[in-house]
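This report goes from local backbone features to the whole chain. Please keep the sequence and the model at hand.

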Amino acid sequence: IYCIWLLILLFFFVLFFFFVFFLWHDVFADFSMEEFLKVRDYVSKIPGMNISIDPFSPPSTDYLYLIDLSLPKKGDILHYLDANGPKPVREATAVVFHGTTGNIKEYVVGPLPNPMYHRDVTFERYKTEIPLTASPLRLWDYIALDLFIRSALIPVRRLLNESFGPHVTSDPTFYNGLPSGVKSGERQTWISICRKVEGSYIHQVGFEMLIDHRSTAVLRWRVIKVVYNGQYFNSIQDLKKQYEAGTVSKIIFKPVQNHASLKPKEKPTGMGPQQFYTQGKRYSVKNNHVIYLDWSFAFGLSPLAGMRVFDVRFRGERIIYELSVQEAMSVYGSATPNLMLTKFLDASIGIGRFAYELVRGVDCPYLATYIDTFHFLDTGIPRLLRNSICVFEHDMGRPLRRHFSESNFLTYGGVANSALVFRTITSIGNYDYTWDFIFYQSGSVEAKVYATGYIVSSFTVNGSFLYGHQVAENVTGNIHTHFLNFKVDLDVLGECSREHIKFVNVSVPWMPERYAMVPQLVEKQLKTEQEAALRYDTKTPRYLHIASNQTNRWGHQRSYRLQVTSFAGDHLPESEPEERAMSWARYKVAITKHKDSEQASGSLYNQNNIWAPAVDFSKYIEDNESIENEDLVAWVTTGFLHIPHSEDIPNTVTVGNAGGVLLRPHNYFDEEPSIHSPDAVYISLGTEQSCDNNRVACLARETCSPVFEPFTYNGFEGVTSGET
């Protein structure tokens with residue numbers, strides 16, 4: 001009977017555990033295919049509206065562009081998770097491009113799974129109307145541009161053939177810069193003609209066109225400028241006339257090998273080391289929730305901003321409410337027009353939508369857990385992104401901590417630095433970004449990004465080398481910045497403070513006549529948002545904390561430290577009209593009071609209405625609210641300056657092209673958390689072969705292990721200590 005009662009109690013414990021850690025977290029879950037379809041069908045049948053779901057519908061129609069999760073208010077979620085309050089209503093955001101009225105609307109649709117209502121929240125969210133010209137370029141736009149370009153080039157087929165060869169003449173491809181224009185309301189896009197080969201981004205041929213495509217009627221589109229071999233012309237006909245008259249400096253075609261091909265030049269013969277799990281995986285993934293040793297969190301993948309995690313807990317205590325990617329931005333320099341004004345805001349294009357399938361053994365370890373995701377962005381139907389997220393435990397190849405002692409006692413103590421990695425890789429046009437959230441056994445969390453992929457190049461003309469280096473025949477690799485923004489909503493109600501060091505001239509107590517310069521701790525509390533907005537061109541404090549009002553065992557405020565790694569270049573001057581759309585990049589770190597109305601540092605519309613952005617992050621700072629005893633959010637900007645060089649051909653490598661932020665406990669715990677780690681190793685004199693405090697000593701005996709050499713340790717031999 002006693003055993004039966006134990007089994008019943010165990011059953012209910014497992015049931016409760018499943019409910020708490022898996023079912024509760026569906027408030028953060030991305031939509032399933034069924035939910036996407038329910039929202040799509042509801043929106044397409046709203047009475048009085050004729051909303052198309054066809055990606056090929058022209059821009060003159062009303063078109064359902066995006067469906068995404070509409071997160072409930074933070075207070076409602078916490079009341080549900082922490083106080084057994086009512087479950088927040090599950091709702092969607094539906095973005096409709098209203099071609100019939102020339103504007104864009106955002107609707108909240110709910111409740112799911114069976115929508116019954118919708119409401120327009122555009123003005124509530126942005127305090128302004130959104131013009132249709134702020135919309136991203138759709139699939140329809142790119143198809144129409146391709147057809148328009150082919151038609152526009154017909155009069156100069158002779159020039160194309162003589163300058164670039166038959167392949168460009170018969171089947172040109174193009175690359176466009178953004179934003180489309182130089183002021184609000186414009187849709188004027190520079191395009192560069194490229195060779196249609198692998199890695200066309202570094203196969204510019206020296207022919208660019210400025211196309212005015214603001215009209216919803218393609219027949220009213222027109223070419224308003226042409227650049228050929230660095231020379232400007234007012235139209236295709238103008239170029240044709242001068243070319244045939246022989247008054248143009250010509251490009252003479254010669255075959256070019258594909259320096260952009262990623263096919264190995266030597267046949268691959270090797271196989272690098274592979275990771276395996278001796279006793280099975282120590283993490284679990286269920287629905288949208290992950291548990292790993294002392295860690296647990298919910299996750300999602302926004303089609304716009306990308307990777308995000310919620311309700312991050314360590315030993316059951318919430319450390320982070322939200323950690324998410326916000327934006328990836330690049331500003332280019334060039335002597336040629338396409339890149340000269342290019343400023344990419346990738347979240348407006350969609351970061352998460354480009355999270356394609358990860359390759360086992362290359363993008364992630366072979367035995368990682370792979371997760372499918374869905375999105376509905378300019379697709380008409382939910383799109384499956386198979387194996388677009390991977391989760392794996394990873395040995396970092398160095399100890400998390402260790403010490404060998406030869407005085408008083410002969411001991412060795414250490415912990416292998418094994419951590420959980422949550423990863424996705426997004427291929428946004430030419431660049432591939434690897435996004436990692438790493439969970440360490442020390443209670444630290446790291447958000448990191450690595451860049452690889454193709455550089456964007458320009459055809460070499462006079463003045464090109466003021467903006468980059470030659471990287472291939474007639475190819476200039478153009479200088480550009482990478483700025484990347486993370487949102488860190490630490491669940492630590494309290495204050496923000498900074499600590500640093502100063503040297504103080506103090507009298508030596510036992511020799512009062514003697515003075516010494518001694519380092520001293522200096523701490524300052526940051527009391528307002530403007531005080532806690534640390535600009536990129538100022539010295540960043542080495543210790544920046546978000547501290548709670550609680551104290552640890554030793555009376556110090558429990559806090560987490562933000563440690564930023566960045567090699568970013570200069571930010572675009574604030575005098576430039578486009579800067580407000582990327583004003584978050586003014587700050588290495590900005591600490592603001594949490595508001596449900598300040599969800600993101602950018603928006604879907606900032607790219608193409610960059611001069612009057614729907615979200616101007618600097619306004620979050622302007623009101624200069626108090627951040628004392630408040631729920632605080634850190635907006636962290638990292639990045640690197642990229643001056644392309646010959647080793648960027650064919651691809652940029654991830655080594656050295658990275659940035660991130662590390663969230664480290666600072667007096668948050670009473671001791672270093674990994675002292676409780678199951679990976680800890682402790683060896684004392686006489687226990688070198690014992691498995692009691694050293695599971696590595698028994699690794700060769702594991703039935704699922706490869707053949708290992710027997711464990712040996714001779715570190716104490718020949719060492720004299722007080723113990724011996």
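Strands here are DSSP runs of E with at least two residues, numbered from the N terminus. By that definition, N549 lies in strand β30, which spans residues 543-551. This is a predicted model.

N549 is partly exposed, as its relative accessible area is 48%; the cut-off for exposed is over 50%. Its C-alpha atom is separated by 7.7 Å from that of N629. Along the chain, N549 and N629 are 80 residues apart.

**Backbone outliers**

Two peptide bonds before proline are cis: one joins G110 and P111, and another joins L178 and P179. Two residues have positive phi although they are not glycines: N287 and R315. The table places these four features in their loops.

| Feature | Value | Loop |
|---|---|---|
| G110–P111, cis peptide bond | omega about -15 degrees | P111: between β4 (103-110) and β5 (117-120) |
| L178–P179, cis peptide bond | omega about 5 degrees | P179: between β7 (173-176) and β8 (188-194) |
| N287, positive phi | phi about 55 degrees | between β12 (283-286) and β13 (289-292) |
| R315, positive phi | phi about 55 degrees | between β15 (306-314) and β16 (317-331) |

N287 is exposed, with a relative accessible area of 54%. R315 counts as partly exposed at 40%.

**Helix α6**

Which residues of helix α6 are buried? Helix α6 covers residues 157-164, and its buried residues are L159, L160, S163 and F164. They sit on the same side of α6 because they cover an arc of only 100 degrees around the axis. An α-helix has 3.6 residues a turn, so residues three or four places apart point the same way.

The buried residues of α6 pack against two helices, α7 (166-170) and α8 (236-245), and two strands, β9 (204-212) and β10 (222-228). Just after α6, G165 takes a positive phi of about 95 degrees.

**Whole chain**

The chain has 11 helices and 35 strands. Its radius of gyration is 29 Å, close to the 27 Å that the globule rule gives for 724 residues, so the chain is as compact as a globular protein of that length. Along the principal axes, the C-alpha atoms fill a box of roughly 95 × 65 × 65 Å.

Buried residues make up 54% of the chain. Of the contacts with a separation of 6 or more, 67% come from residues 24 or more positions apart. The exposed area is about 33,500 Å², and carbon and sulfur atoms supply 55% of it.

The chain carries 68 positive and 78 negative side chains. The centres of these two sets lie 5 Å apart.

Technical notes. Residues are numbered from 1 along each chain as its sequence is written. This is a predicted model: local features need pLDDT of at least 70, side-chain atom pairs count only at pLDDT 80 or more; totals for chains, interfaces and linings use all residues. Side-chain values use heavy atoms; hydrogens and water are left out. Buried means under 20% relative accessible area, exposed over 50%, partly exposed in between (1.4 Å probe, protein chains only). Helices (H or I, at least four residues) and strands (E, at least two) are DSSP runs, numbered from the N terminus. The arc is that of the directions from the helix axis to the C-beta atoms. Contact means heavy atoms within 4.5 Å. The radius of gyration is taken over C-alpha atoms; the globule rule is 2.2 Å times the number of residues to the power 0.38. Accessible areas come from the Shrake-Rupley method with a 1.4 Å probe; for residues, only the protein chains shown count as cover. Lys and Arg count as positive and Asp and Glu as negative; His and the chain ends are not counted. The place of a charge is taken as NZ of Lys, CZ of Arg, CG of Asp or CD of Glu.
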